[in-house]
Amino acid sequence: MPLPRCVILDDYQQAALSSADWSGLQDRLRVEALHDHLPREALAEAIGDAEVVVAMRERTPFDAAMLARLPALKLLVTTGMVNAAIDMPAAAARGITICGTPSVPNPTPELSWGLLLALARKIPQEHANLRAGGHWQNSLGFDLARKTIGIIGLGRIGQVMARYARAFDMSVLAWSPNLTQDRCEAAGARLAPSLDALLAEADVVTVHMVLAPSTRGLIGAREIGLMKPGALLVNTSRGPLVDAAALQAALRDGRIGGAALDVFEEEPLPADSPWRSLPNLVATPHLGYVTERNYRMYYRGAVEAIDGWLRGNPVRVLAAPG
């Protein structure tokens with residue numbers, strides 16, 4: 001009788017099997033990794049009769065309809081401890097256990113600051129021009145020192161961004177709906193009286209909010225219109241926090257200084273996406289969490305979760321059959 005299947009999804013870098021020791025599972029499961037992002041129909045077929053699935057972050061939606069197409073699924077492991085793309089109640093109702101994995105906090109703020117530096121100093125354009133043998137020096141950089149950074153969301157990542165900003169001699173302004181003066185002071189930030197006030201004052205705006213119905217489209221055309229003409233916008237949290245059409249129009253018209261994005265509403269981006277050709281944009285393909293150390297944490301945690309579940313003692317349970 002064949003062993004049950006375990007399918008690892010969206011292993012784009014083919015790193016899943018080398019980032020952890022899966023050998024302890026080989027006599028109990030057949031482990032296979034899918035390296036391409038599959039459309040919904042093809043995905044359900046590829047998972048097929050797998051009893052265990054390992055999902056990379058929120059790349060793949062597991063809503064009630066998708067879960068209904070996977071009757072053999074018993075364990076769904078998500079990398080990290082939060083995954084808004086999984087319908088937890090629907091999974092529990094179908095007898096599926098959801099487990100998470102450990103992660104490290106530094107990769108996303110590090111990338112966020114790297115994107116800001118690349119945008120401010122026009123590093124991608126100057127690098128490409130140098131490689132092509134073009135004119136020596138083409139741009140004037142945007143100084144960060146003595147400028148104001150507006151941090152929307154002063155949680156775990158936002159607090160790290162505040163530390164980076166202070167190291168660059170920036171003034172730190174922060175806002176979120178429930179942010180307190182005490183939390184701001186602890187992070188070395190000033191509390192903005194409102195989102196509008198932050199947008200109007202900041203030279204750099206960086207978004208670090210959780211995507212929810214109340215935050216979808218948080219930054220729209222009106223909000224972008226409040227920003228300074230030369231201001232820079234950074235979003236490494238979730239694409240739909242910023243209205244795509246509004247930001248694209250602002251970049252095309254030069255209404256702000258530029259944007260740096262790591263996240264988009266549709267991922268991977270279609271080949272004809274406007275994001276691929278807009279001016280004053282630095283963009284990366286959702287790399288915020290993609291580091292060697294984080295992947296080791298993810299996949300070692302996945303192995304632990306699968307082993308615990310097989311032994312009848314699941315760990316880091318996010319949803320249990322009910």
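# A tour from strand S9 outward

Start by selecting strand S9, residues 204-207, where both faces are covered. Val204 and Thr206 lie on one side, Val205 and Val207 lie on the other, and all of them are buried. Keep in mind throughout that this is a predicted model.

**The neighbours of S9**

Add strand S6, residues 148-152, to the selection. S6 and S9 pair in the parallel sense, over 4 bridges. To see the two strands side by side, show Ile151, which stands opposite Thr206 of S9.

Now select strand S10, residues 232-235. This strand also pairs with S9 in the parallel sense, again over 4 bridges. Label Val207 and look across to S10, where its bridge partner is Asn235. Then follow the chain from S9 to S10: the path runs through helix H9, residues 221-226, and this β-α-β crossover is right-handed.

**The whole sheet**

Stay on S10 and add strand S11, residues 258-261. The pairing of S10 and S11 is parallel and covers 4 bridges. Asn235 has Leu261 as its bridge partner in S11.

Next, display the full set of strands. What is the order of the strands in this open sheet? The order is S8-S7-S6-S9-S10-S11-S12, with 7 strands and parallel pairing. At the edges are strand S8 (190-191) and strand S12 (281-283), each of which pairs on one side only. Helix H4, residues 107-120, packs on this sheet. Select H4 and look for its contacts with S6, S9, S10, S11 and S12. The direction of H4 makes about 150 degrees with that of S10.

**The annotated region**

Colour residues 24-315. In an unreviewed UniProt entry, this range carries the feature "domain: D-isomer specific 2-hydroxyacid dehydrogenase catalytic". Over residues 24-315 the chain is 35% helix and 14% strand. The C-alpha atoms at the two ends of that range are 17 Å apart.

**Arg5 and its contacts**

Move to Arg5, in strand S1 (residues 5-8). Is Arg5 buried or exposed? Its relative accessible area is 10%, so Arg5 counts as buried. Show its side chain and pick out two polar partners. One is the side chain of Glu32, joined to that of Arg5 by a polar contact of 3.1 Å. The other is the backbone oxygen of Ala46, which lies 3.1 Å from a polar atom of the Arg5 side chain. Leaving out residues up to four places away in sequence, Arg5 touches ten-odd positions worth displaying, including Leu29, Arg30, Ile47, Gly48 and Asp49.**Ile47, from the other side**

Among the residues touched by Arg5 is Ile47. Select Ile47, which is found in helix H1, residues 40-47. Ile47 is buried because its relative accessibility is 0%. Apart from Arg5, the residues it touches include Val7, Leu9, Val53, Phe62 and Leu70, not counting those up to four places away in sequence. For a sense of scale, draw a line from Ile47 to Val160: the C-alpha atoms are 38 Å apart, and the two residues are 113 apart in sequence.

**Last stop: Thr79**

Finish at Thr79, in the loop between strand S4 (75-78) and helix H3 (88-93). Thr79 has a relative accessible area of 0%, so this loop residue is buried. Which residues does Thr79 touch, not counting residues up to four places away in sequence? Show Ala55, Met56, Arg57, Thr101 and Tyr298 to see them.

Definitions and conventions
Residues numbered from 1 in each chain as written. Predicted model: local features only at pLDDT ≥ 70, side-chain atom pairs only at ≥ 80, totals over all residues. Heavy atoms only, no water. Buried < 20%, exposed > 50% of the residue type's maximum accessible area, 1.4 Å probe, protein only. Polar contact = N/O pair within 3.5 Å; in protein donor to acceptor, adjacent residues only side chain to side chain. Contact = heavy atoms within 4.5 Å. Pairing = 2+ DSSP bridges. Right-handed = clockwise from strand over helix to strand, strands pointing away. UniProt positions renumbered as here; feature names shortened; annotations may be inferred. Axes fitted to C-alpha atoms, helices over the stretch in contact; angles between N-to-C directions.
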